[in-house]
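Hi,

Here is the structure I said I'd pass on. Have a look at it first, and then read my notes underneath.

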Amino acid sequence: EAVIKLVEPICVSDEFQPEVIVKVSVACEAMCMWVQAMRKYYYVSKEVEPKRRQLAAAEVELKAASDSKAAAETKLDAVTKKVAALEAALKEAIDKMASLEEQVERATVQLSNADKLIGGLGGEAKSWEEQVGQLSEQLNHVMGDALVCAGTISYLGPFTADYRSSIIGE
């Protein structure tokens with residue numbers, strides 16, 4: 001900056017322009033162009049420097065925002081996965097509940113049918129007892145009945161069917 005203050009009065013003068021200097025010396029023209037370019041660079045740099053700082057600050061802020069966004073997306077993914085797992089568990093629980101309700105319904109129907117069967121069989125117990133008594137009585141007579149059958153077949157076999165029916169009927 002101190003150098004620019006020293007060079008400034010010289011650079012603004014009409015005599016220190018490359019078009020004027022070239023008439024005196026070609027080598028000095030290059031030197032004049034370089035000094036003018038350095039002066040112009042200083043002013044442009046002075047104007048651009050705050051913008052560079054702003055850019056750097058904005059980039060830092062952008063990085064922080066991007067990191068925050070990435071962290072939020074990671075959390076969102078974790079929450080989304082957890083929600084999906086919970087939804088799957090809920091669906092599984094609902095399916096299991098439906099299956100259990102179906103089993104309860106079948107068991108209720110089976111119990112109802114069993115009650116009806118037991119009620120129906122309870123009434124049959126008396127008739128079964130009577131039938132057991134009759135069959136026991138008939139068992140006592142099986143030997144005699146078998147003897148009568150054998151005799152009937154042996155002695156009535158040669159006769160006609162009508163004659164046998166009439167004899168057995170008497």
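Let's start with two of the helices: helix 1 and helix 3 lie oblique to each other. Keep in mind that this is a predicted model. Helix 1 covers residues 2–12 and helix 3 covers residues 26–140; their axes come within 11 Å and cross at roughly 120°. That angle counts as oblique because it falls outside the ranges for roughly parallel (under 35 degrees), roughly antiparallel (over 145) and roughly perpendicular (65 to 115). The crossing of these two helices is left-handed. On the helix 1 side, the contact is made by Ile4, Val7, Glu8, Cys11 and Val12, and helix 3 brings Val35, Gln36, Arg39, Tyr42 and Tyr43.

Two of those names, Cys11 and Val35, come back in the largest nonpolar core, a set of 5 residues that also takes in Phe16, Ile21 and Cys32. Nonpolar side chains do tend to be buried together in soluble globular proteins. Cysteine 11 is buried, at 2% relative accessible area, and cysteine 32 is buried too, at 1%. Leaving aside residues up to four places away in sequence, cysteine 32 touches Phe16, Gln17, Pro18 and Ile21.

With two cysteines in one core, you may wonder: how many disulfides does the whole structure have? The search turned up 0. The closest cysteine sulfur to that of cysteine 11 belongs to cysteine 32, but the two are 7.3 Å apart, so they are too far away for a bond. A disulfide would need the sulfurs within 2.5 Å.

Over to you!

Terms used
Residues are numbered from 1 along each chain as its sequence is written. This is a predicted model: local features need pLDDT of at least 70, side-chain atom pairs count only at pLDDT 80 or more; totals for chains, interfaces and linings use all residues. Side-chain values use heavy atoms; hydrogens and water are left out. A nonpolar core is a set of buried Ala, Val, Leu, Ile, Met, Phe, Trp, Tyr and Cys residues joined through side-chain atoms within 4.5 Å. Buried means under 20% relative accessible area, exposed over 50%, partly exposed in between (1.4 Å probe, protein chains only). Contact means heavy atoms within 4.5 Å. Axes are lines fitted to C-alpha atoms, for helices over the stretch in contact, and angles run from 0 to 180 degrees between N-to-C directions. Helices (H or I, at least four residues) and strands (E, at least two) are DSSP runs, numbered from the N terminus. A crossing is left-handed if the near helix is turned anticlockwise from the far one by less than a right angle, and right-handed if clockwise.
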